[in-house]
Amino acid sequence: MHMEACHEKRLLTDAAVAFIEEALGVRKEQIRDVQPTSAGMTNRSFRFSCNGTSYILRVPGEGTDKLINRRQEAENYQALSGDTISDHVVAISPDTGYKLAKYWTETRNCNPQDPEEVQACMKLLRQFHGKALKVPHAFDVYREIDFYESLMGKSVYSDYDEVRLRCLAMRPFLNSLDRQYVLTHVDAVPDNFLFVKENGQESLHLIDWEYAGMNDPHLDIAMFAIYAGYEREMIDQLIDWYFTEGCDADTRLKIYCYVALGGLLWSNWCEYKKELGVDFGGYALMQYRYASEYSALFQELIKKRNGGK
């Protein structure tokens, strides 16, 4: 066996090789040119070729078995089958979390500082939400916040309990609204929007549906904003790009709530990951600041909305 083939084999576990063999109906000798791609925040990926076609294999990262329900992820891709918005998934295992997809050679992530690209992402998101796809599971933000909190132990932030209580206090307002639940991406961040060039044509896709579930689709707007690190002025601009017909005050306030809740959610996620030895540094602190600042902003704005009471 060639030295290159030996090295390639070591990059993939026997279980991963077996998954590829079964998914593509090939022998391991046909799996060639295995290369690790840049690792994401949650997973590792490997690119390889087989019978002249390039693929990418997603391998779940450390601790993701506690964070992500792979059976629900498989249900998401089942709901998306036939829809061009996502990556071209060939096979996904609800047991191991392995995901095999066609590999796009010419891609770029959305630049959150490029207005044209961001507007294109909001247009795609609005169109997708309008399809009102359904899956048999929901993504409950408050439940997930509590779940991550139970995994992470005591927070490193001294005012965590205060911020958490402010976030809980938003719940009656959110429950008072008429919210329509559809399949929501939940992790609709700039890095998950891919501009793909094929045969001289460029298309836009939204990938990585690990966290997706039934929810208020406007949560996706908040998630895009807090990953991009937007200040309030840019968050308002983002909302306006999504709601080209205009956005009412209650819906805008609701999205501010989602900014706070998303910040607390991913802050807790980062605290848990840090205990596993993965430190996201400035990103983690930024998420906590969103939770703190926007839960305080909610209190200020709801008081004005209610006539100062």
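In this predicted model, glutamine 119 is partly exposed, with a relative accessible area of 34%. Glutamine 119 sits in helix α5, which spans residues 115-130. A long way along the chain is glutamine 237: the two glutamines are separated by 118 residues in sequence, yet their C-alpha atoms lie 9.8 Å apart in space.

Turning to the sheet, five strands form an open arrangement in the order β1-β2-β3-β5-β4, and the pairing is antiparallel. The edges are taken by β1 (32-36) and β4 (89-92); each has a single partner strand, so one side of each goes without a neighbour in the sheet. From one strand to the next, the twist averages 20°. As for the pairing itself, strands of a sheet are held together through backbone hydrogen bonds, in either a parallel or an antiparallel fashion. Here, β2 (residues 43-50) and β3 (residues 53-60) run antiparallel and are joined by eight bridges. Within this pair, asparagine 43 stands opposite proline 60 of β3.

Helix α4 packs on this sheet and touches β2, β3, β4 and β5 (99-102), with its direction at about 150° to that of β4. The helix covers residues 70-80, and its buried residues are Arg70, Glu73, Ala74, Asn76, Tyr77 and Leu80. Viewed down the axis of α4, these buried residues fall within an arc of 155°, so they line one face of the helix. At the N-terminal end, α4 is capped by asparagine 69, which places a side-chain oxygen 3.0 Å from the backbone nitrogen of arginine 71. Just past the other end of α4, glycine 82 adopts a positive phi of about 90°.

On to the nonpolar interior. In soluble globular proteins, nonpolar side chains tend to be buried together. The largest nonpolar core in this model has 81 residues, and the members that touch the most others are Phe193, Trp209, Phe224, Tyr230, Ile235, Leu261 and Trp266. Helix α11 (residues 249-275) supplies the largest share of this core, with 14 residues. A second core, separate from that one, has 17 residues, including Ile20, Phe46, Val59 and Leu100. Back in the largest core, what does isoleucine 235 touch, setting aside neighbours within four places in sequence? Its contacts are Ala225, Tyr230, Tyr256, Val259, Tyr290 and Tyr294.

Histidine 218 lies in the loop between β10 and α9 (219-228). Is this histidine 218 buried or exposed? With a relative accessible area of 15%, histidine 218 is buried, as that value falls under the 20% cut-off. Apart from neighbours within four places in sequence, histidine 218 is in contact with Tyr242, Phe243, Thr251, Lys254, Ile255 and Tyr258.

Finally, a word on backbone angles. Most residues other than glycine have a negative phi. Asparagine 199 is not a glycine, but its phi is positive, at about 50°. This asparagine 199 is found in the loop between β8 (193-198) and β9 (201-206), and it is exposed, with a relative accessible area of 81%. Aspartate 208 also has a positive phi, near 60°, in a residue other than glycine. The loop between β9 and β10 (213-215) is where aspartate 208 sits, and its relative accessibility of 23% makes it partly exposed.

Notes
Residues numbered from 1 in each chain as written. Predicted model: local features only at pLDDT ≥ 70, side-chain atom pairs only at ≥ 80, totals over all residues. Heavy atoms only, no water. Helix = DSSP H or I, 4+ residues; strand = E, 2+ residues; numbered from the N terminus. Buried < 20%, exposed > 50% of the residue type's maximum accessible area, 1.4 Å probe, protein only. Arc of directions from axis to C-beta. Polar contact = N/O pair within 3.5 Å; in protein donor to acceptor, adjacent residues only side chain to side chain. Core = buried A, V, L, I, M, F, W, Y, C linked by side-chain atoms within 4.5 Å. Contact = heavy atoms within 4.5 Å. Pairing = 2+ DSSP bridges. Axes fitted to C-alpha atoms, helices over the stretch in contact; angles between N-to-C directions.
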